[in-house]
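Colleague: I should like to go through the terms used for this model and hear what each one rests on. Please set every value against its definition.

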Number of protein chains: 2
Amino acid sequence: MLLLRSCNSLTRFGPLSTQRLQVAPALASCAVRLHSSFSQDQKSYQHATNSPSWKHALAGVLAGTGAVLGYALHHQKAERTDVSVPTLEKSSPLPVISQDEVTKHRSLEDGVWVTYKGGVYDITEFVAMHPGGDKILLAAGGALEPFWALYAVHNQDHVLEILSEYKVGVLSGEDLKKQQAVKSSDPYSSDPERHPVLRINSLKPFNAEPPPEILSDSYITPSAFFFKRNHLPVPQVDPASYQLHVEGLPGGVLTLSLKDLKTRFPKHTITATLQCAGNRRSEMNEVKQVKGLNWGIAAISNAKWSGARLRDVLLAAGYGPDVAQWAHHVQFEGLDKDVTGTTYGASIPLNKAISEDGDVLLAYEMNGEDIPPDHGFPVRVVVPGVVGARNVKWLGKIIVSAEESSSHWQQNDYKGFSPGTDWDSVDFKSAPAIQELPIQSAITTPADGAVIDGSDRTLTVKGYAWSGGGREVVRVDVSLDGGKTWQVAQLGSGDKGQAPEPSPPPGRAWAWKLWEVTAPLPPEAQELEIICKAVDNSYNMQPDTIPPIWNLRGVLSNAWHRVKVKVREDEGRE
Amino acid sequence: MLLLRSCNSLTRFGPLSTQRLQVAPALASCAVRLHSSFSQDQKSYQHATNSPSWKHALAGVLAGTGAVLGYALHHQKAERTDVSVPTLEKSSPLPVISQDEVTKHRSLEDGVWVTYKGGVYDITEFVAMHPGGDKILLAAGGALEPFWALYAVHNQDHVLEILSEYKVGVLSGEDLKKQQAVKSSDPYSSDPERHPVLRINSLKPFNAEPPPEILSDSYITPSAFFFKRNHLPVPQVDPASYQLHVEGLPGGVLTLSLKDLKTRFPKHTITATLQCAGNRRSEMNEVKQVKGLNWGIAAISNAKWSGARLRDVLLAAGYGPDVAQWAHHVQFEGLDKDVTGTTYGASIPLNKAISEDGDVLLAYEMNGEDIPPDHGFPVRVVVPGVVGARNVKWLGKIIVSAEESSSHWQQNDYKGFSPGTDWDSVDFKSAPAIQELPIQSAITTPADGAVIDGSDRTLTVKGYAWSGGGREVVRVDVSLDGGKTWQVAQLGSGDKGQAPEPSPPPGRAWAWKLWEVTAPLPPEAQELEIICKAVDNSYNMQPDTIPPIWNLRGVLSNAWHRVKVKVREDEGRE
């Protein structure tokens, strides 16, 4: 028999501050949830219903995104029931349970038990509600500590409160001692040091962006300031023993050392901008809460990348025209792993990988130096023109395949949906995995809310603009009056005082343009709404507003960028 | 000395009706214009100023677009002066002038004289104001009749009124007889018959679109209904003697007969949508007048095209990787000519032409039959994913080149600009020639202004969606409430009862999707604003509104499509 019980006190949503130092959004808990009753046979629990939409809703945390907030909101709506039922009697003494007994409970059929700091918990009913999906089953029959060390989002009081509801016993003293002998370590302890200027969206895994004004300071973003987007701990890779495996081609598996990559293939260099699918997500959050890291406008950066062409490596591994008859995708696996050994993964269409004009690199240099640990040392894929998520870091394996990557990040994340699609109706199979990104631009200075000096009667506005798929930005329009009138900005593809980069061949404009315009202030204006919008050489244009492109995952936020500033008249001047 | 004179009575703008049978928009005249005075030396006229922006503004009519309306508006604004000056004395007898004398006046330096129906006209001062630009000089020293036969837009009363202002004499009787012996013919007299259902935007050259509801009737648009967009008379080409010349490659000129094209190269078939850059221009006209044919939403159609791949022909003509070192464009010349012998021309980037995935065809079949005369018989270029203007019809010549086509249509037309750019500030060199088009969609039914039956409480909305560059349409959102809420439409790529076309390879989605959604009517609604917006697989989205994408040429009109309908409750039903 199922007992339902209110736990409204557990509903705690952490405030989401924009572009400020913060840890991952708080793990939110359910407001009302199913709770198993005790019966004489503790194995007779009913299982919580596990609808398909749940699976998607819950999978978010696997991406390390702290996506659970949306889950909780959804859950609250879907599950609220105001029935008055007996509450769990907790004052009775809890039995002592051996590790052997715990180990027997490793499935929904047998019950799912876990231990945490000497307590034994039957979380069978919670599995369906777990924001991280049924990956929770990997901890079944054992200790939670090593998993929670990986997913630091669990280290919050209300998570413990939820857990406490499921306590069914205490671990025997002997078994507890054995557990404690296995010291749990922080898998993030070997993450590299980062520049303090970065604005942290999530510490573990590390996700951070530079202040926007730094972006427009230099055409090539210094690696230290380049936005960081990690899904898992940064793996420690020994360059001397590093191996890259290329699979799926008629020649069998090709294994390459770092030296092979550097010496057997021509070194190719491109300048390419990478952008996170979630760049500017914070603006979507202002419309309606979405799932994901609350990125500002700086989850985008531009670097010089050098390495072997993926095309050359695939040809060396046996690629030929016959392969294109059955293969349609090239999958990548990172060396970054979760506790289950699952690696980060993604794939790109084969034609992008094999095209001479695709410029896909197995990069071992970023801005003229070894790729830093946060960006994929020693080798990462750079897929120019394509969303950051497919530019797999710490590359371990390449698989030529008839199928897309089966990874969570390819199948159930990084896809766009209609604003009318919610977590109840979403069908991840109905949308294509994001590859090329749409036209984008943003104002890096002045900042939203700034007070500007109006005595000059002019204002200089700066920003960036970029488009996916190698489409070159050909124009940026800027308005100081909320979109009534527009001026054309000057586009730059180099730093001041230096020659601009040469014009790219058509379809291979991988790098952004920085832009700038100095425009007269509208007369008498005390407040300005400054807007930018860009156009690429396929004449794609940004949508005007966020609400019609809002989507439950908060990706592809590319409406016009708007900042409001106040004008201060300096009365000391004429 | 210059005399200025009001001619407000000449300001006549024909009404622009949308999607109705109509001839080309009226040739508008200047409201106030420079007029040369008579002096004793008739050669001493001052020349009208001829600013660079004029050259662009005036060039429109060369495209046969009836673009002169905007010119006149511009001119009126720029040139209005309210000075009181003596008027031309016309009652004095005009001198008799010989053809020899007329022939001496063929330049701005020597004066520009023309004859028309026995009159001699000194149009030197008018050259700078001519909507067709300085092409008018081609008639200098001779008769206007053959030119006006080609550009039928001149056959209007107020054009004659303008001309009469410049009369300086009468042609000698002997010379007039000689002229009349050369019978002027209508170059459009051999244009083919067209289907009466087409809505004509311009008769000479012929430009017409089908009623929108016909578009969504069939996935493949029947050739008779396929929109027609001609810049010049339809040339009569004898298929037996037809020759295609391929130039610019190391092998010298390759000349191919129609039989060569059909037998020496594999026949390749694609389904591809073509769209005029000016599709939906009428919506821009509602914001502010632009130049160009007042297209509704149906300057887009979808057909099956068969022919030789351009790639194969270029390889046969000597193309090799070395060519790519210096060549960047492939130019096309049509066999359609103006009176000066200038052919229609355009070019595309070399990489599109030579790419295996580019699918550029030298097509000799449309929908399984010989290409009809209006669509380029016997051979046209089909550049899938690229604006109609580069799909050159009646193909006569292919030139591999380091340069873009120098044609008017490549250089000074078919480009997009900021809404803040006007005919005074426009620099055509600052914008790229339109090639790939952006994401587009429109509602074909119900029509704007329709009254729908509300008794069913549901409404079925249909339309099309397409994107350039081979980007596949992946979603269409439809709103019945002006954009507050959205529903996802069903996409189709085939006709009802038939299997849909197979999914295209990535980057090669050349054909549109037809879509349909049946949605509940908003309760109590008496009027609906229905909106559609589409998304392609690079997640490009349509802009929300027209004004921020308005441009002086009225191209690239791809904001959300909106139609308003009234809901009629049928009181006879429950």
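Modeller: The discussion takes the contact between the chains, then their symmetry, then the strands, and finally some local features.

Modeller: This is a predicted model, in which local features need pLDDT of at least 70 and side-chain atom pairs count only at pLDDT 80 or more, whereas totals for chains, interfaces and linings use all residues. Residues are numbered from 1 along each chain as its sequence is written, chains are lettered from A and ligands numbered from 1 in the order in which they are written, and side-chain values use heavy atoms, with hydrogens and water left out.

Colleague: What makes a residue part of the contact, and how many residues does each chain give?

Modeller: Contact means heavy atoms within 4.5 Å. By that rule chain A gives 38 residues and chain B gives 38 residues. Buried area is the accessible area (1.4 Å probe) that two parts lose on being put together, summed over both; for chain A and chain B the figure is about 2,900 Å², with 54% of it on carbon and sulfur atoms.

Colleague: Which part of chain A gives the largest share of the side that touches chain B?

Modeller: Strand S24 (residues 473-479) of chain A does, with 3 residues; strands here are DSSP runs of E with at least two residues, helices are runs of H or I with at least four, and both are numbered from the N terminus. The side of chain A that touches chain B divides into 20 nonpolar, 10 polar and 8 charged residues. In that division Ala, Val, Leu, Ile, Met, Phe, Trp, Tyr, Cys and Pro count as nonpolar, Asp, Glu, Lys and Arg as charged, and the others, Gly among them, as polar.

Colleague: How many salt bridges does the rule find across the interface of chain A and chain B?

Modeller: A salt bridge is a side-chain nitrogen of Lys or Arg within 4 Å of a carboxyl oxygen of Asp or Glu. Across this interface the rule finds 0, whereas the structure holds 42 over all chains. One of these joins B:Asp359 and B:Arg309, whose closest N and O atoms are 3.5 Å apart, so the pair satisfies the limit of 4 Å. B:Asp359 lies in the loop between helix H11 (350-354) and strand S17 (361-366) of chain B, and B:Arg309 in strand S14 (residues 300-309) of chain B, 50 residues apart.

Colleague: Why is the relation of chain A to chain B called a two-fold axis?

Modeller: Copies are superposed by least squares on the C-alpha atoms of residues with pLDDT of at least 70 in both. Chain A can be laid on chain B with an RMSD of 0.2 Å by a turn of 180° and a shift of 0.0 Å along the axis, which is therefore the relation of a two-fold axis. A:Pro543 is the residue of chain A that comes closest to the rotation axis, at 2.0 Å (C-alpha).

Colleague: How do you know that the copies meet through the same surface?

Modeller: Of the interface residues of chain A, 100% are also interface residues in chain B, so the surface is the same.

Colleague: What makes S8 and S9 of chain A a strand pair?

Modeller: Two strands pair if DSSP finds at least two bridges between them. S8(A) and strand S9 (residues 207-209) of chain A are joined by 3 bridges and run antiparallel, so they qualify as a pair. A:Ser202 stands opposite A:Asn207 in S9(A). The open sheet has 3 strands in the order S8-S9-S10 (chain A), and its edge strands, S8 (199-202) and S10 (228-229) of chain A, each pair on one side only.

Colleague: Which peptide bond is cis in the loop between S8 and S9 of chain A?

Modeller: The bond from A:Lys204 to A:Pro205 is cis, with omega near 0°, and A:Pro205 lies in that loop.
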